[in-house]
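Biologist: I am new to this structure. Please take me through one part of it slowly, the nonpolar core.

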Amino acid sequence: MKTTIRRIQQHLGLAQDGIIGPVTLRAICSALGIREVPTWPTQTEVRRGTSIFGDPGREEQLVNIIPAYQLYFEGKPVRSIRVHRLIAPHVKAALEEVLQHYGPEKIHRLGLDQYGGSYNFRPTATGRSLSMHAWGIALDFAPATNAYALKSPRATLSHPACEAWWRIWEAHGATSLGRARNYDWMHLQFAGL
Ligand SMILES: [Zn+2]
């Protein structure tokens with residue numbers, strides 16, 4: 001095993017200590033085209049206001065992005081979506097990957113083009129604390145068929161056909177409340193639970 005690792009390290013031009021440390025692991029992942037999954041703050045850290053996302057409701061932290069495919073909000077085409085600048089490249093890339101994986105027809109059939117909003121200075125559904133939407137780090141999709149209390153398998157985003165949708169977002173470090181807690185399947189956030 002150690003010899004094999006040394007040979008891999010040699011191949012990658014690294015120091016040959018025969019141990020898979022962080023440097024070797026990163027080089028192997030990069031050689032295999034595997035991206036590192038970013039780690040985002042937890043929602044408790046976000047609510048404290050000291051995380052990389054700063055304070056909620058700060059307009060200067062937000063940017064508008066043009067989605068890779070046409071989104072609709074309550075039946076009307078969406079021109080751009082407003083998110084925190086730190087997650088913007090991930091949202092952009094994820095939607096491009098969704099388009100590549102599913103194509104426009106399947107996207108429409110699965111309701112992945114039904115947008116439910118992102119930045120919104122508001123409390124959570126329970127009203128006890130600020131929603132991750134208030135920082136522009138949460139997005140909602142297919143709200144009509146994934147109401148807050150709807151569970152799997154009734155929530156359409158819990159269906160097996162949406163597995164790739166979630167894997168794409170999760171590869172960018174996003175968390176699905178549906179996948180983690182089986183409610184609010186429309187919602188995904190760039191903050192841990
Ligand atoms: Zn939401």
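Modeller: Here is a close look at the core, followed by the loops around it in sequence.

This is a predicted model, where local features need pLDDT of at least 70, side-chain atom pairs count only at pLDDT 80 or more, and totals for chains, interfaces and linings use all residues. Residues are numbered from 1 along each chain as its sequence is written.

The largest nonpolar core has 36 residues. Such a core is a set of buried Ala, Val, Leu, Ile, Met, Phe, Trp, Tyr and Cys residues joined through C-beta atoms within 7 Å. Buried means 20 or more other C-beta atoms within 10 Å of a residue's own; exposed means 12 or fewer; partly exposed is in between, with C-beta atoms placed from the backbone. V98, L112, I137, F141 and L157 touch the most other members. At least two core residues come from each of β4 (81-84), α4 (88-109), β6 (138-141) and α5 (163-171). Helices (H or I, at least four residues) and strands (E, at least two) are DSSP runs, numbered from the N terminus. Helix α4 gives the most, six residues.

Take F141. Leaving out residues up to four places away in sequence, F141 touches L112, Q114, Y115, G116, L157 and M186. Contact means C-beta atoms, placed from the backbone, within 7 Å.

Now the loops. Between β6 and α5 lies P153. A cis peptide bond joins S152 to P153, with omega about 5°. The loop between α6 (177-181) and β8 (187-189) holds N182. D184 is found in the loop between α6 and β8. D184 is not a glycine, although its phi is positive, about 50°. D184 is buried, with 24 other C-beta atoms within 10 Å.

Technical notes. Two residues are in contact if their C-beta atoms, placed from the backbone, lie within 7 Å.
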